[in-house]
Amino acid sequence: MKKEDIIADAAEFTQNSSFNYVAEDAAIRPDLAGMKLFNPPIFAFGSADDELYSRYRSPDVIGGHFLLPSEWLPTANTVISFFLPFTERIKKANAADYRWPAYEWLYGRVEGQIFVRDLSVRIQRLLSDAGHESIVPLLDTRFKVGSETTRFTSNWSERHVAFACGLGTFGLSKGIITEKGMCGRLGSIITELELPKDVRPYREVYEYCTMCGACAAHCPAHAISVLEGKKHPPCSDFLDRTKEVEKTRYGCGKCQVKVPCESRIPKKK
(Lines give C-alpha, C1' and ligand atoms only; values in the text may rest on other atoms or scores of the structure.)
Protein backbone atom coordinates (compact mmCIF):
# COMPACT_ATOMS: atom_id res chain seq x y z
CA MET A 1 0.00 0.00 0.00
CA LYS A 2 1.20 3.50 -0.89
CA LYS A 3 0.50 6.91 0.61
CA GLU A 4 -1.36 7.82 -2.56
CA ASP A 5 -3.80 4.94 -1.97
CA ILE A 6 -4.73 6.27 1.46
CA ILE A 7 -5.06 9.87 0.24
CA ALA A 8 -7.21 8.92 -2.75
CA ASP A 9 -9.53 6.70 -0.71
CA ALA A 10 -9.96 9.39 1.96
CA ALA A 11 -10.82 11.99 -0.69
CA GLU A 12 -13.41 9.70 -2.25
CA PHE A 13 -14.93 8.87 1.14
CA THR A 14 -15.13 12.55 2.11
CA GLN A 15 -16.85 13.45 -1.14
CA ASN A 16 -19.39 10.63 -1.16
CA SER A 17 -20.06 9.56 2.42
CA SER A 18 -23.49 10.55 3.74
CA PHE A 19 -21.84 11.21 7.11
CA ASN A 20 -20.14 14.30 5.62
CA TYR A 21 -23.56 15.89 5.14
CA VAL A 22 -26.11 16.99 7.74
CA ALA A 23 -28.94 14.46 7.85
CA GLU A 24 -32.45 15.80 7.39
CA ASP A 25 -33.68 14.35 10.68
CA ALA A 26 -30.74 15.95 12.54
CA ALA A 27 -31.10 19.46 11.10
CA ILE A 28 -32.18 22.16 13.57
CA ARG A 29 -33.27 24.30 10.62
CA PRO A 30 -34.57 23.05 7.24
CA ASP A 31 -31.84 24.92 5.34
CA LEU A 32 -29.15 22.98 7.24
CA ALA A 33 -30.30 19.62 5.89
CA GLY A 34 -27.79 18.31 3.37
CA MET A 35 -25.10 20.83 4.32
CA LYS A 36 -21.62 19.55 3.50
CA LEU A 37 -19.15 19.70 6.37
CA PHE A 38 -15.69 19.14 4.89
CA ASN A 39 -13.67 19.42 1.72
CA PRO A 40 -11.16 16.61 0.95
CA PRO A 41 -8.45 16.17 3.60
CA ILE A 42 -4.74 16.84 3.33
CA PHE A 43 -2.18 14.44 4.83
CA ALA A 44 1.29 14.31 6.34
CA PHE A 45 3.21 11.13 7.13
CA GLY A 46 5.78 11.12 9.92
CA SER A 47 8.09 8.70 11.69
CA ALA A 48 6.83 7.00 14.84
CA ASP A 49 10.38 7.41 16.19
CA ASP A 50 10.49 11.18 15.70
CA GLU A 51 12.40 12.76 18.59
CA LEU A 52 9.67 15.39 18.98
CA TYR A 53 7.39 12.86 20.64
CA SER A 54 9.86 12.41 23.50
CA ARG A 55 10.19 16.18 23.80
CA TYR A 56 6.41 16.45 24.11
CA ARG A 57 6.70 14.64 27.44
CA SER A 58 8.46 17.65 28.93
CA PRO A 59 6.32 19.49 31.53
CA ASP A 60 6.63 22.74 29.58
CA VAL A 61 5.15 21.16 26.42
CA ILE A 62 2.49 18.51 27.23
CA GLY A 63 3.85 16.41 30.10
CA GLY A 64 4.82 12.91 31.13
CA HIS A 65 1.29 11.63 30.56
CA PHE A 66 1.75 11.97 26.78
CA LEU A 67 2.10 8.49 25.27
CA LEU A 68 4.66 7.81 22.55
CA PRO A 69 3.49 6.19 19.28
CA SER A 70 5.27 2.99 20.32
CA GLU A 71 3.31 2.96 23.59
CA TRP A 72 0.07 3.01 21.66
CA LEU A 73 1.32 0.43 19.16
CA PRO A 74 4.61 -1.41 19.93
CA THR A 75 5.20 -2.16 16.23
CA ALA A 76 4.58 1.45 15.14
CA ASN A 77 6.54 2.74 12.15
CA THR A 78 4.41 5.58 10.73
CA VAL A 79 2.15 8.26 12.15
CA ILE A 80 -0.48 9.54 9.72
CA SER A 81 -1.89 13.00 10.39
CA PHE A 82 -4.74 14.56 8.40
CA PHE A 83 -6.63 17.83 8.29
CA LEU A 84 -10.21 18.18 7.07
CA PRO A 85 -10.94 21.78 5.95
CA PHE A 86 -14.43 23.11 6.66
CA THR A 87 -16.52 24.16 3.66
CA GLU A 88 -16.88 27.82 2.76
CA ARG A 89 -20.47 27.82 3.98
CA ILE A 90 -19.43 26.91 7.51
CA LYS A 91 -16.61 29.46 7.58
CA LYS A 92 -18.75 32.26 6.16
CA ALA A 93 -21.63 31.58 8.56
CA ASN A 94 -19.37 31.67 11.61
CA ALA A 95 -17.75 34.94 10.52
CA ALA A 96 -21.11 36.74 10.35
CA ASP A 97 -21.33 37.33 14.10
CA TYR A 98 -18.44 37.24 16.56
CA ARG A 99 -20.61 37.07 19.67
CA TRP A 100 -21.94 33.51 19.33
CA PRO A 101 -21.16 30.44 17.18
CA ALA A 102 -23.28 29.87 14.06
CA TYR A 103 -25.35 26.71 13.85
CA GLU A 104 -23.33 25.75 10.80
CA TRP A 105 -20.17 25.82 12.91
CA LEU A 106 -21.77 23.81 15.71
CA TYR A 107 -22.58 21.05 13.24
CA GLY A 108 -19.03 21.20 11.91
CA ARG A 109 -17.69 20.91 15.45
CA VAL A 110 -19.89 18.05 16.68
CA GLU A 111 -21.05 16.10 13.63
CA GLY A 112 -17.71 17.02 12.08
CA GLN A 113 -15.82 15.26 14.87
CA ILE A 114 -17.99 12.20 14.31
CA PHE A 115 -16.90 12.26 10.68
CA VAL A 116 -13.24 12.51 11.75
CA ARG A 117 -13.86 9.31 13.69
CA ASP A 118 -15.53 7.67 10.68
CA LEU A 119 -12.68 8.63 8.36
CA SER A 120 -10.10 7.37 10.87
CA VAL A 121 -11.90 4.01 11.07
CA ARG A 122 -12.09 3.92 7.28
CA ILE A 123 -8.31 4.37 6.98
CA GLN A 124 -7.74 1.83 9.74
CA ARG A 125 -9.88 -0.70 7.87
CA LEU A 126 -8.01 0.03 4.64
CA LEU A 127 -4.72 -0.72 6.39
CA SER A 128 -6.14 -3.84 8.01
CA ASP A 129 -7.41 -5.19 4.68
CA ALA A 130 -3.86 -4.80 3.36
CA GLY A 131 -2.52 -6.78 6.33
CA HIS A 132 -1.18 -3.89 8.43
CA GLU A 133 -1.98 -3.28 12.09
CA SER A 134 -2.92 0.25 13.14
CA ILE A 135 -4.54 2.17 15.96
CA VAL A 136 -6.55 5.38 16.30
CA PRO A 137 -5.48 6.81 19.69
CA LEU A 138 -8.59 8.98 20.14
CA LEU A 139 -10.78 5.88 19.81
CA ASP A 140 -8.65 3.73 22.10
CA THR A 141 -9.84 3.00 25.66
CA ARG A 142 -6.52 4.33 26.98
CA PHE A 143 -7.12 7.82 25.60
CA LYS A 144 -7.58 10.38 28.39
CA VAL A 145 -8.25 14.10 28.38
CA GLY A 146 -6.97 16.12 31.29
CA SER A 147 -6.83 15.63 35.03
CA GLU A 148 -6.63 17.96 38.02
CA THR A 149 -3.06 18.90 37.05
CA THR A 150 -3.32 18.53 33.25
CA ARG A 151 -6.78 19.97 32.61
CA PHE A 152 -6.14 21.26 29.10
CA THR A 153 -3.94 18.47 27.74
CA SER A 154 -4.39 14.82 26.82
CA ASN A 155 -2.16 11.77 26.39
CA TRP A 156 -2.34 12.17 22.59
CA SER A 157 -2.54 15.63 21.00
CA GLU A 158 -3.73 15.90 17.39
CA ARG A 159 -2.18 19.36 17.09
CA HIS A 160 1.26 18.32 18.30
CA VAL A 161 1.13 15.20 16.13
CA ALA A 162 0.27 17.36 13.09
CA PHE A 163 3.27 19.57 13.86
CA ALA A 164 5.59 16.57 14.19
CA CYS A 165 4.39 15.01 10.93
CA GLY A 166 4.90 18.23 8.96
CA LEU A 167 1.26 19.19 8.46
CA GLY A 168 1.57 22.69 9.91
CA THR A 169 2.73 24.99 12.71
CA PHE A 170 0.91 26.50 15.64
CA GLY A 171 -0.83 29.85 15.48
CA LEU A 172 -1.35 32.44 18.22
CA SER A 173 -4.72 30.83 19.00
CA LYS A 174 -2.94 27.45 19.49
CA GLY A 175 -4.60 25.98 16.40
CA ILE A 176 -2.56 24.41 13.61
CA ILE A 177 -2.00 26.42 10.42
CA THR A 178 -1.82 24.08 7.41
CA GLU A 179 -1.57 24.78 3.68
CA LYS A 180 -5.39 24.81 3.80
CA GLY A 181 -5.44 27.11 6.81
CA MET A 182 -6.57 26.22 10.30
CA CYS A 183 -10.35 26.21 9.85
CA GLY A 184 -11.19 22.52 10.16
CA ARG A 185 -10.57 19.35 12.19
CA LEU A 186 -7.53 17.11 12.74
CA GLY A 187 -7.16 13.35 13.01
CA SER A 188 -4.40 10.74 13.19
CA ILE A 189 -3.61 7.03 12.89
CA ILE A 190 -0.55 5.07 14.02
CA THR A 191 0.41 2.09 11.87
CA GLU A 192 3.08 -0.57 11.60
CA LEU A 193 3.16 0.00 7.83
CA GLU A 194 6.38 1.79 6.93
CA LEU A 195 5.61 4.64 4.54
CA PRO A 196 7.93 7.35 3.13
CA LYS A 197 8.11 10.19 5.64
CA ASP A 198 7.34 13.78 4.73
CA VAL A 199 10.00 16.37 5.46
CA ARG A 200 8.89 19.07 7.90
CA PRO A 201 8.98 22.29 5.84
CA TYR A 202 9.45 24.43 8.97
CA ARG A 203 11.64 24.63 12.06
CA GLU A 204 9.88 26.97 14.47
CA VAL A 205 6.72 26.28 16.49
CA TYR A 206 4.94 29.44 15.23
CA GLU A 207 6.67 29.70 11.86
CA TYR A 208 3.48 30.11 9.80
CA CYS A 209 1.85 32.61 12.18
CA THR A 210 2.27 36.33 11.45
CA MET A 211 1.19 37.30 14.99
CA CYS A 212 -1.21 39.79 13.39
CA GLY A 213 -3.65 39.56 16.31
CA ALA A 214 -6.79 39.07 14.19
CA CYS A 215 -7.73 35.95 16.13
CA ALA A 216 -7.39 37.87 19.41
CA ALA A 217 -9.68 40.62 18.15
CA HIS A 218 -12.37 38.08 17.20
CA CYS A 219 -12.32 36.05 20.44
CA PRO A 220 -15.59 36.58 22.38
CA ALA A 221 -13.95 35.24 25.55
CA HIS A 222 -10.95 37.62 25.31
CA ALA A 223 -8.75 34.55 25.78
CA ILE A 224 -6.04 35.52 23.26
CA SER A 225 -3.52 38.34 23.17
CA VAL A 226 -0.45 39.01 21.05
CA LEU A 227 1.68 39.55 24.15
CA GLU A 228 0.49 36.61 26.26
CA GLY A 229 -0.81 34.12 23.70
CA LYS A 230 -3.87 32.04 24.55
CA LYS A 231 -5.25 31.45 28.02
CA HIS A 232 -7.23 28.22 28.08
CA PRO A 233 -9.55 28.82 31.11
CA PRO A 234 -11.63 31.69 29.60
CA CYS A 235 -11.86 29.81 26.30
CA SER A 236 -13.05 26.69 28.10
CA ASP A 237 -15.57 28.67 30.15
CA PHE A 238 -17.08 30.16 26.98
CA LEU A 239 -17.37 26.69 25.41
CA ASP A 240 -19.17 25.52 28.57
CA ARG A 241 -21.65 28.36 28.10
CA THR A 242 -22.39 27.24 24.54
CA LYS A 243 -22.98 23.71 25.87
CA GLU A 244 -25.55 25.03 28.33
CA VAL A 245 -27.43 26.99 25.67
CA GLU A 246 -27.19 24.65 22.69
CA LYS A 247 -27.49 21.44 24.76
CA THR A 248 -26.43 18.79 22.22
CA ARG A 249 -23.76 20.90 20.50
CA TYR A 250 -21.00 23.28 21.47
CA GLY A 251 -18.17 25.22 19.87
CA CYS A 252 -16.89 28.67 18.98
CA GLY A 253 -14.21 28.90 16.29
CA LYS A 254 -14.25 32.69 16.04
CA CYS A 255 -10.45 32.75 16.15
CA GLN A 256 -10.34 30.64 12.98
CA VAL A 257 -12.61 32.61 10.65
CA LYS A 258 -12.00 35.83 8.73
CA VAL A 259 -8.33 35.74 9.71
CA PRO A 260 -5.31 35.55 7.35
CA CYS A 261 -4.75 31.89 8.27
CA GLU A 262 -8.37 30.81 7.78
CA SER A 263 -7.80 28.91 4.54
CA ARG A 264 -4.06 29.14 3.81
CA ILE A 265 -0.62 29.89 5.19
CA PRO A 266 -0.56 33.69 5.51
CA LYS A 267 2.14 35.67 3.80
CA LYS A 268 4.50 37.52 6.09
CA LYS A 269 5.28 41.13 5.26
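Glu228 is exposed, with 53% relative accessible area; here exposed means over 50%, buried under 20%, and partly exposed in between (1.4 Å probe, protein chains only). The exercises below concern a predicted model in which local features need pLDDT of at least 70, side-chain atom pairs count only at pLDDT 80 or more, and totals for chains, interfaces and linings use all residues. Residues are numbered from 1 along each chain as its sequence is written, and side-chain values use heavy atoms, with hydrogens and water left out.

**Exercise 1.** Find the salt-bridge partner of Glu228 and classify the accessibility of that partner.

Solution.
- Step 1: apply the criterion, a side-chain nitrogen of Lys or Arg within 4 Å of a carboxyl oxygen of Asp or Glu.
- Step 2: Lys231 meets Glu228 at 2.9 Å, N to O.
- Step 3: Lys231 has 44% relative accessibility, so Lys231 counts as partly exposed.

**Exercise 2.** State which residues are joined into one network by salt bridges that share partners.

Solution.
- Step 1: the network consists of Arg29, Asp31, Arg89 and Glu104.
- Step 2: for the whole structure, the search returns 14 salt bridges.

**Exercise 3.** Describe the salt bridge between Arg122 and Asp9, including where the two residues lie in the chain.

Solution.
- Step 1: the N to O distance between the two side chains is 2.8 Å.
- Step 2: Arg122 belongs to helix H5 (residues 103-129) and Asp9 to helix H1 (residues 3-16), so that distant parts of the chain, 113 residues apart, are linked. Helices (H or I, at least four residues) are DSSP runs numbered from the N terminus.
- Step 3: Arg122 is partly exposed because its relative accessibility is 27%, whereas Asp9, at 17%, is buried.

**Exercise 4.** Repeat the analysis for Arg249 and Glu111.

Solution.
- Step 1: the side chains form a salt bridge at 2.5 Å, N to O.
- Step 2: Arg249 sits in the segment after helix H8 (232-246) and Glu111 in helix H5, 138 residues apart.
- Step 3: both Arg249 and Glu111 are buried.

**Exercise 5.** Determine how many disulfides the structure contains, and check Cys183 and Cys219.

Solution.
- Step 1: a disulfide requires a pair of cysteine sulfur atoms within 2.5 Å; the search of the whole structure finds zero.
- Step 2: the closest cysteine sulfur to that of Cys183 is in Cys255, and the 8.9 Å between them is too far for a bond.
- Step 3: Cys219 is in no disulfide either, with the nearest cysteine sulfur, that of Cys252, 6.2 Å away.
- Step 4: Cys183 is buried at 0% relative accessible area, and Cys219 is buried at 11%.
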